Amino acid sequence: MTEDGRLERLSGMLKRRGFLLPAFEIHGGAKGLYDFGPVGGRMRSRVNQRWLDHWLQLGNVVELSCPTVTPYAVLEASGHVGEFSDFMTECGSCGEASRADTLLEPHHPNPDALKRDELQALLFQVQPPCPGCGNQAWSEVKAQNLMFNTTIGAGDSGRPGFLRPETAQGMFTSFNALHRHFRERLPFGAMQVGKGYRNEIAPRQGMIRLREFNMAELEYFIDPEAELNDDLSPWDDAPLHLISDGGNGVEITLSEACKQQLIRHPTVARFMGITRDFLVDIGIDPSRLRFRQHEQDEMAHYAVDCWDAEIEGSYGWIECVGIAHRGCYDLESHEKATGKTLRARREFDEPRTITIDAWTIDGATAGPAFKALAGAVKTAVEALPKSTSFPCEISLENGAKVVVGEEHVKPNQKTIKETGEWYIPHVIEPAFGIDRIIWHVIDHAYSELEKNGEPYTLMRLSPTIAPVDYAVFPLFEKDGMGELAWNLHQTLCKTSGLVSMYDASGSIGRRYARADEIGVPICITVDHQSLEDGTVTVRDRDTGEQHRITIDSLS
RNA sequence: GCGAGCGUAGUGUAGUGGUUAUCACCGGGCGUUGCCAACGCCUGAACCCGGGUUCGAGUCCCGGCGCUCGCACCA
């Protein structure tokens, strides 16, 4: 996998040139935390911006920024408190921590599904031997969560919270504001780039599994019953490499994959196409990109269907994007937890008329007669057929039986006209791991060449995300060449969106080499002729070709 | 989390318990050259942290932190 030390040389270069560095290193470092350095920092923000620009082209999405500090209740409602934790217990004898559900596997068909109290009870009852020392003295079961705990507020007024494990929840809880913003018309989307946190048990593989990471997510809200008009034709001449659930890899167009039901939702397919375009735009090699569908049992707790974009690099095939059809799971969960409505309205083509001809209670008599049960009696009575005769014994929801007399009821005859209905929108979510993507962009761009018999490194970064746009060199810092070059550098830096780098140290060849190593697309050299006619040489990184242009045409 | 290996300038490295800690690239300055990692001189920069053994520890022992790999776990 690692071709004779390429990964080591690449990592060394990234550290030396300031792309990626272990964070807080002078204090001994911290696992799973990285700095984007003086070169990488700029590259990261360009990728983020490019991502936003790319999805804004949909025309019906907006950008949000939600807090990373999140109250306990939000993540409890979303299912993360339950799903993102393992229940741990410690051996009282040797101190070894074990997962309670693993210990109980021989004693229960599915201990993973047990709640904490049930696990605890079963553990104390069974007392399985410690895999470490064989003793049977387990501590209370504690939830060890993969989310970072924190306390919001101080002292007794503080309440528990977490650092968010994904940006999505803030967008779900803002649904009503989004809905209003979009004049209550679906589909629409909200997106944000930001930090997410997971207290990984074992961060590994550099940028691949981090404890604090950059993510970019879009929540696209759709009406599950609306007619779909996802246009997949833009990708008809660009088949994708797909690996479907339980199937083998195929090269297939998105249109065809939908027709064959490999991809279960056309919006998911369209987002796969848009994702591919984004990745290729910023420099991912399309031949090292594939989409893989999750197996049913692999799917996260919220997903209905999920396709990963996987990119091949120094660590093999790595999941860098997840495109999940989350159904109505999230909005429904927050509705249940809060009692608030998170819905959109769908008007019927024709108003629907519902005719009711049955019974209901007469509040004046049933109320005093059934007191607290009156509500349940009403529900039960209204469910009875018109042919019922009273008095009559009926069963209530809570199991109680009551006798309802003729005096307690009255006919219920009405016609209700409904012009539409409220429903919980479904969500399609493309979620991008920015760090993993940047890693692969770098990995694919990093080229080890040979130049005049010497090893030579070149970063073929796309100009769309290169950390530096122009490098400006005075051939020699004398006769005014230095001043002219510095002024040009300043002018370029004043241009919005451009970054120029001035370098006057070392031979010109060395400076080209330094610029090539961090992927500067264009080097501009000021020489003697520049002083006379205001022209400079412009050199292309990948071809090495030079031509003269006037300074004016640059800015 | 378990097991194994590793931790020396910015990077890559050498280093029998006793050196002024090796070499290369690298960075900076000066000079020279003047369009693809040129050269000379000068210069900068390191034993992961904390204990222990020892007259003496980069080297041996213990613990921590970090890195790599395998297992386990997991977006």
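User: Two strands count as paired if DSSP finds at least two bridges between them; in this predicted model, which residue in S14 stands opposite Leu242?
Analyst: S12 and S14 meet that requirement, since they pair in the parallel sense over two bridges. Within S14, the residue that stands opposite Leu242 is Phe291.

User: On the side of strand S15, which residue stands opposite Phe291?
Analyst: Strand S15 covers residues 305-313 and pairs with S14 in the antiparallel sense over five bridges, whereas the pairing of S12 with S14 is parallel. In S15, the residue that stands opposite Phe291 is Ala309.

User: How many of the five residues of strand S14 are buried, and which of them lie on the side opposite Leu289, Phe291 and Gln293?
Analyst: In a regular strand the side chains alternate between the two faces of the sheet. Strand S14, residues 289-293, is mostly covered, with five of its five residues buried. Leu289, Phe291 and Gln293 occupy one covered side, and the buried residues on the other are Arg290 and Arg292.

User: How many disulfides does a search of the whole structure find, and how far from Cys328 is the nearest cysteine sulfur?
Analyst: The search of the whole structure gives zero disulfides. Cys328 is accordingly in no disulfide, and the nearest cysteine sulfur, which belongs to Cys306, is at a distance of 17 Å.

User: Is Cys392 buried or exposed, and into which class does Cys328 fall?
Analyst: The limit for buried is under 20% relative accessible area, and exposed begins over 50%. Cys392 has a relative accessible area of 17%, so this residue is buried. Cys328, at 23% relative accessibility, therefore counts as partly exposed.

User: Arg326 and Glu166 meet in a salt bridge; how many residues apart in sequence are the parts that this pair ties together?
Analyst: The N to O distance between the two side chains is 3.3 Å. Arg326 belongs to strand S16 (residues 316-327), while Glu166 sits in the loop between strand S9 (159-163) and helix H7 (168-173), so the sequence separation of the parts they tie together is 160 residues.

User: Which residue forms a salt bridge with Arg346, and is that partner buried or exposed?
Analyst: Arg346 forms a salt bridge with Glu225, with the closest N and O atoms 3.7 Å apart. The pair links distant parts of the chain, 121 residues apart, with Arg346 in strand S17 (residues 344-361) and Glu225 in the loop between strand S11 (212-222) and strand S12 (240-243). Arg346 has a relative accessibility of 13% and so counts as buried. Its partner Glu225, at 59%, counts as exposed.

User: How do the side chains of Arg345 and Glu347 meet, and what is the relative accessible area of Glu347?
Analyst: The side chains of Arg345 and Glu347 meet in a salt bridge with an N to O distance of 2.9 Å. Arg345 is partly exposed, because its relative accessible area is 30%. Glu347 is also partly exposed, and its relative accessible area is 48%.

User: Into which domains is chain A divided, and how far apart do the C-alpha centres of domain 3 and domain 4 lie?
Analyst: Chain A is divided into domain 1 (6-69 + 161-330 + 427-434), domain 2 (86-145), domain 3 (347-419) and domain 4 (468-553). Between the C-alpha centres of domain 3 and domain 4, the distance is 85 Å.

Technical notes. Residues are numbered from 1 along each chain as its sequence is written. Chains are lettered from A and ligands numbered from 1 in the order in which they are written. This is a predicted model: local features need pLDDT of at least 70, side-chain atom pairs count only at pLDDT 80 or more; totals for chains, interfaces and linings use all residues. Side-chain values use heavy atoms; hydrogens and water are left out. A disulfide is a pair of cysteine sulfur atoms within 2.5 Å. Buried means under 20% relative accessible area, exposed over 50%, partly exposed in between (1.4 Å probe, protein chains only). A salt bridge is a side-chain nitrogen of Lys or Arg within 4 Å of a carboxyl oxygen of Asp or Glu. Helices (H or I, at least four residues) and strands (E, at least two) are DSSP runs, numbered from the N terminus. Two strands pair if DSSP finds at least two bridges between them. Domain bounds come from an automatic or database domain assignment.
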